[in-house]
Amino acid sequence: MQPVVFFEDLGFQSYRQVWDYQESLLQQNTQLKLTGEGASTRHHLLLVEHPPVYTLGKSGKMENLLWTEDEIKKREIEFFHINRGGDITFHGPGQIVGYPILDLEKMKPDLGWYLRGLEEMIILTLSDYGLTGGRSKGETGVWLDAGIPGKERKICAMGIKCSRWITMHGFAFNVHTDLAYFEGIVPCGIQNKAVTSLQKELNGPVSIAEVKERLKNNFESVFNCRLVDEVKINSVCS
């Protein structure tokens, strides 16, 4: 029987609000496990766009933030040092950020399998648009021309946290993101490699709503699950 994953499209929300929301969902699931009710944990998938924000992972290096504090404030970019893996990245308008809160014990308790699955979902979505995405050895995420030195372009960054096999954080897929924001950082701490977007690669406009639907379909396919719209009693933005 396919696992049910409760889906929420959070629209446009601040990073802090959604980070807190993720934490609350993770804590609900981990508490169920601690009290012997692990069978009652629930899977979730959140999709959202954020206002401009830089996030630095727990093992990230501050020197990969290139702009000064004054420059960041002038550009109205928030900054958070957070508890996911990975280095520094950017989130902003035109980028679909996905936060799966999954109980991997009910799927497959293997973080490598999970990350490769997230990458495969993006690769399939790129294929829907006639693009060939791929992986770069030793670097989590999805790239174009990953094997051609000097032409590598990252289109989706990834970083996760996992507690008692419950995941949080996730992926950031550049759809029509303003790539100028990446000039203020060394994206993911990787030197001398470019960042791109779906719109740039297609050289034309792309619908965020359409990309979300394709991501959802490919998420279901890769993780052999069924997405069900979550009926929210209290909105995260209330």
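**Hairpins, cores and ring pairs in a predicted model**

β7 and β8 form a hairpin with 2 residues between them, and G138 in the turn has a positive phi of about 80°. Strands here are DSSP runs of E with at least two residues, helices are runs of H or I with at least four, and both are numbered from the N terminus. The model is a predicted one, in which local features need pLDDT of at least 70 and side-chain atom pairs count only at pLDDT 80 or more, while totals for chains, interfaces and linings use all residues. Residues are numbered from 1 along each chain as its sequence is written, and side-chain values use heavy atoms, with hydrogens and water left out.

Back to that hairpin: β7 covers residues 133–136 and pairs with β8 in the antiparallel sense over 3 bridges. Two strands count as paired if DSSP finds at least two bridges between them. Within this pairing, S136 sits opposite E139 of β8. After β8, in the loop that leads to β9, comes D145. Its phi is near 55°, a positive value in a residue that is not glycine, and with 32% relative accessibility D145 counts as partly exposed. The scale behind that word runs from buried (under 20% relative accessible area) through partly exposed to exposed (over 50%), using a 1.4 Å probe and protein chains only. E76, in the loop between α2 (69–74) and β4 (78–81), also has a positive phi, near 55°. E76 is exposed, with a relative accessible area of 66%.

A second hairpin joins β9 and β10, again with 2 residues between the strands; here R164 in the turn has a positive phi of about 55°. The two strands run antiparallel and share 8 bridges, with C162 standing opposite T167 of β10. β10 also pairs with β6 (residues 95–101), antiparallel over 4 bridges, and V97 has A172 of β10 as its bridge partner. How much of β10 is buried? The strand is mostly covered, with 9 of its 9 residues buried.

Next comes the nonpolar core, meaning a set of buried Ala, Val, Leu, Ile, Met, Phe, Trp, Tyr and Cys residues joined through side-chain atoms within 4.5 Å. In soluble globular proteins, nonpolar side chains tend to be buried together. The largest core here has 34 residues, and the members that touch the most others are I122, L126, F171, F173, L198, V211 and F219. Elements that each supply at least two residues of this core include β1 (4–12), α3 (111–128), β9 (153–163), β10 (166–174) and α5 (208–223). The largest share, 7 residues, comes from α3. Setting aside neighbours within four places in sequence, L198 is in contact (heavy atoms within 4.5 Å) with residues including L126, Y129, I155, F173 and V211. There is also a second, separate core of 18 residues, with V18, L25, V97 and I166 among them.

Helix α5 has 16 residues and reaches 22 Å from its first C-alpha to its last, close to the 22 Å expected, where the expected span is 1.5 Å times one less than the number of residues. At its N-terminal end, S207 acts as a cap, with a side-chain oxygen 3.4 Å from the backbone nitrogen of A209. The buried residues of α5 include I208, V211, L215 and F219, along with K212 and K216. Right after the helix comes N224, whose phi is positive, near 50°.

Finally, the aromatic rings. Rings of Phe, Tyr and Trp (its six-membered ring) pair if their centres lie within 6.5 Å; planes under 30 degrees apart are stacked, over 60 edge-to-face and the rest tilted. The structure holds 10 aromatic pairs. One of them is Y54 with F90, an edge-to-face pair with 5.8 Å centre to centre and 65° between the planes. This pair links distant parts of the chain: Y54 lies in β3 (residues 53–56) and F90 in β5, 36 residues apart. Both Y54 and F90 are buried. F90 also pairs edge-to-face with F182, at 5.5 Å centre to centre and 75° between the planes. F182 lies in the loop between β10 and β11 (194–195), 92 residues from F90. F90 has a relative accessible area of 0%, so it counts as buried, and F182 is buried too, at 9%. Ring pairs link Y54, W67, F90, Y181 and F182 into a cluster.

Conventions:
A polar contact is a pair of N or O atoms within 3.5 Å; within protein, one must be able to donate a hydrogen and the other to accept it, and residues adjacent in sequence count only if both atoms are side-chain atoms.
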